[in-house]
Amino acid sequence: ATCPRRDAVEVRVMRGAWNMAFAGVMALTAVGEADAATAKREAAGTLADGTAVEAVTLTAANGVSARILTYGATLQSLSGPDRNGKVADVLLGYDDARDYAEHPNFFGVTVGRYANRIAGGKFTLDGKAYQLPLNDKVNSLHGGTQGFDKRPWRIVAVKDGSVMLALTSADGDQGYPGKLDVTVTYAMADDGALTITFGAKTDKPTIVNMTNHAIFNLAGEGSPLGALTHRL
């Protein structure tokens, strides 16, 4: 993908909502103020180098909740009740924020600048060749050795049911051209649907392909059968 040449380019991508209405089809009802989704901000420990990590938990009235970490703008957990009312976390991840840095597996992280593999770590844009660091054998994977998943993000805003986080990637970071200011917004709807919105603004032509790397086990954490019996 090539951004048109402009002084500044802004890209916004809306991902499809993850509707975690675990209990099945829900009747449409009027949602009052008491039923609005909430957001709670709190400390979530520190990394080995002393970097503080914060967490924001978004909770809907029906019991669905999502916990987001500032490290890697990570979706740490996504929990909700099943048809029998049993609450389970359906994401793979770590309980301790420090483990995301010390044992990286891309669980629930925000991937950037470029998700997936770039063969040979090379691309050409406007006739100029760029070389990226190789961190997946002969490929550049998920933004390079220091992708967006391995950085502390800053919280820009916390509102009822949502949190916006931001990160600035300098021109030349991991070999990519252009300064890139990025945001990711997690928003919990009153009915328990979680939406993730990505935004990016650059000062020169570049490539960007962000995503969230959540891995699901819909049977819930600790399920003896794991995801092997899922039917989609």
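Is D82 buried, partly exposed or exposed? With a relative accessible area of 29%, D82 is partly exposed, a class that lies between buried (under 20% relative accessible area) and exposed (over 50%), as judged with a 1.4 Å probe and protein chains only. The model is a predicted one, in which local features need pLDDT of at least 70 and side-chain atom pairs count only at pLDDT 80 or more, while totals for chains, interfaces and linings use all residues. Residues are numbered from 1 along each chain as its sequence is written, and side-chain values use heavy atoms, with hydrogens and water left out.

D82 lies in the loop between β6 (74-81) and β7; here helices (H or I, at least four residues) and strands (E, at least two) are DSSP runs, numbered from the N terminus. Along the chain D82 and L218 are 136 residues apart, but their C-alpha atoms are separated by 9.8 Å.

Both strands that flank this loop belong to an open sheet of five strands, in the order β3-β4-β5-β6-β7, with antiparallel pairing; two strands pair if DSSP finds at least two bridges between them. At the edges stand β3 and β7, each of which pairs on one side only, and the twist from one strand to the next averages 20°, taken between axes that are lines fitted to C-alpha atoms, with angles running from 0 to 180 degrees between N-to-C directions.

At the β3 edge, strand β3 (residues 38-46) is joined to the antiparallel strand β4 (residues 52-59) by seven bridges. Within this pairing, A39 stands opposite L58 in β4, and R41 stands opposite V56 in β4. The hairpin of β3 and β4 has five residues between the strands, and in this hairpin G50 takes a positive phi near 95°.

The aromatic rings come next. The whole structure holds five aromatic pairs, where rings of Phe, Tyr and Trp (its six-membered ring) pair if their centres lie within 6.5 Å, and planes under 30 degrees apart count as stacked, over 60 as edge-to-face and the rest as tilted. Among them is the tilted pair of Y94 and F107, at 5.5 Å centre to centre with 55° between the planes. This pair links distant parts of the chain, since Y94 sits in the loop between β7 (87-89) and α1 (97-102) and F107 in the loop between α1 and β8 (110-111), 13 residues apart. Y94 is buried, with a relative accessible area of 18%, and F107 is buried at 18% as well. Ring pairs link Y94, Y100 and F107 into a cluster.

Two members of that cluster, Y100 and F107, also help to line the largest cavity, together with Y71, P104, N105, F106, V109, D149 and K150. A cavity is a set of points on a 1 Å grid over the protein atoms alone where a 1.4 Å probe fits but cannot get out, and lining residues have an atom within 4 Å of a point. A search of the whole structure finds one cavity of 30 Å³ or more, and about 50 Å³ of space lies in the largest cavity, the volume being the space filled by probe spheres set on the points, which are joined across faces, edges and corners. Its lining divides into six nonpolar residues, one polar and two charged, with Ala, Val, Leu, Ile, Met, Phe, Trp, Tyr, Cys and Pro counted as nonpolar, Asp, Glu, Lys and Arg as charged, and the others, Gly among them, as polar.

Methods:
On a 1 Å grid over the protein atoms alone, a cavity is a set of points where a 1.4 Å probe fits but cannot get out, and a pocket is an open set with protein on both sides within 12 Å along at least five of seven lines; lining residues have an atom within 4 Å of a point.
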